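Hi everyone, thanks for coming. I'd like to walk you through a structure that's probably new to most of you, so have it open and follow along.

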Amino acid sequence: MYDVALYGHITLDRIFNNFKKDQTIGSIGNVWKHLNKLNPLLSLYIEPTDVGEALIFINEKTSERASIANLSLYTKKPLLKKSRWSHVLYLNELKDASFIKDIESEIISADVCRGDSIQDLEILKSVDFLFLSDEDEFSSPENILEFVRVGLILHDSSGSIYYGKDGTVIRNEVKIVDNVNVLGCGDMLAAGFINYYLKFGDIDSSLRESHKEITKVLTNQKG
């Protein structure tokens, strides 16, 4: 059995930071990178279902980013593996998300990106934790909690709020780091939460430690 299985989008990201150009692997690549950095001993299974490309512009002065993408140039049905945790990117843009119902994991999480709304919220009944940024919020927390099995993690530049299906609300506020590249912070949060929850089994501690890691990365950018 694997510790973590990653399914969904993998992208070739072409990044423009003002006039500086770079290329990297995004989506699954971002989560894999941070999981591997946080705990190299984790056994990771990588299985893309959608292969695409993205063009990304970063404005460090305002800590903003924008992108256009073709996230599903090529698609396939995934080969599923048993794992302690499975994470799916990006639920709202998958060409076919039906495989999620067949995943055999102790915990299943999913992320959402900018783009279409989730067309059929019934798919969330197979998801324990949903990660959602404020700019991609497609429905109210109350409505989402009608479907997810455990809870919603709503995040923005100032931190996150966890809404549990049992009525639990946990706020984690962070100091905003200005003039930095915020690209991939949502993927960092997901990776951190997965790693620390597997370690601690506690939502509050997992979110708190994840935000500490993100702040450290952003602060190091400033030198």
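Before we go anywhere, one term: two strands pair if DSSP finds at least two bridges between them. The strands themselves are DSSP runs of E, at least two residues long, numbered from the N terminus. And please keep in mind that this is a predicted model.

Okay, let's begin with strand 1, which covers residues 2-17. Which strand does it pair with over six bridges? That's strand 5, and the two run in the parallel sense. If you want a spot to click on, take Y7: its bridge partner in strand 5 is V88.

Strand 1 also goes with strand 3. How many bridges join those two? There are 14, and again the strands run parallel. Look for I15 here, which stands opposite I56 in strand 3.

Then there's strand 2, residues 20-27. Strand 1 and strand 2 pair in the antiparallel sense, over eight bridges. One pair to find is D13 with its bridge partner T24 in strand 2.

Now for the turn. Strand 1 and strand 2 make a hairpin with two residues between the strands. N18 is in the loop between those strands, and its phi is near 55°, which is a positive value in a residue other than glycine.

There's another one like that to point out. S27 has a positive phi too, near 60°, and it isn't a glycine either. Where is S27 found? In strand 2. Is S27 buried or exposed? It counts as buried, at 4% relative accessibility, because the cut-off for buried is under 20%.

Right, on to the side chains. The structure holds 10 salt bridges, and I'll show you a few of them.

Start with E47 and K76. Their side chains meet in a salt bridge, at 3.1 Å from N to O. What does the pair tie together? E47 lies in strand 3, residues 44-59, and K76 in the loop between strand 4 and strand 5, so the contact ties together parts that are 29 residues apart in sequence. On the E47 side we're buried, with a relative accessible area of 8%. K76, on the other hand, counts as partly exposed at 47%.

Next up, K82 and E104. They form a salt bridge as well, with the closest N and O atoms 3.9 Å apart. K82 lies in the loop between strand 4 and strand 5, while E104 lies in the loop between strand 5 and strand 6, so this pair ties together parts that are 22 residues apart in sequence. K82 counts as partly exposed, at 49% relative accessibility.

And the last pair I'll show is D128 with R149. Their side chains meet in a salt bridge, 3.1 Å from N to O. This pair links distant parts of the chain: D128 is in the loop between strand 6 and strand 7, R149 is in the loop between helix 2 and strand 8, and they're 21 residues apart. Which is it for D128, buried or exposed? D128 is buried, with a relative accessible area of 8%, whereas R149 is partly exposed at 40%.

So that's the tour. If you try one thing afterwards, pick out strand 1 and trace its pairing with strand 5, with strand 3 and with strand 2. Happy to take questions!

Methods. Residues numbered from 1 in each chain as written. Predicted model: local features only at pLDDT ≥ 70, side-chain atom pairs only at ≥ 80, totals over all residues. Heavy atoms only, no water. Salt bridge = Lys/Arg side-chain N within 4 Å of Asp/Glu carboxyl O. Helix = DSSP H or I, 4+ residues; strand = E, 2+ residues; numbered from the N terminus. Buried < 20%, exposed > 50% of the residue type's maximum accessible area, 1.4 Å probe, protein only.
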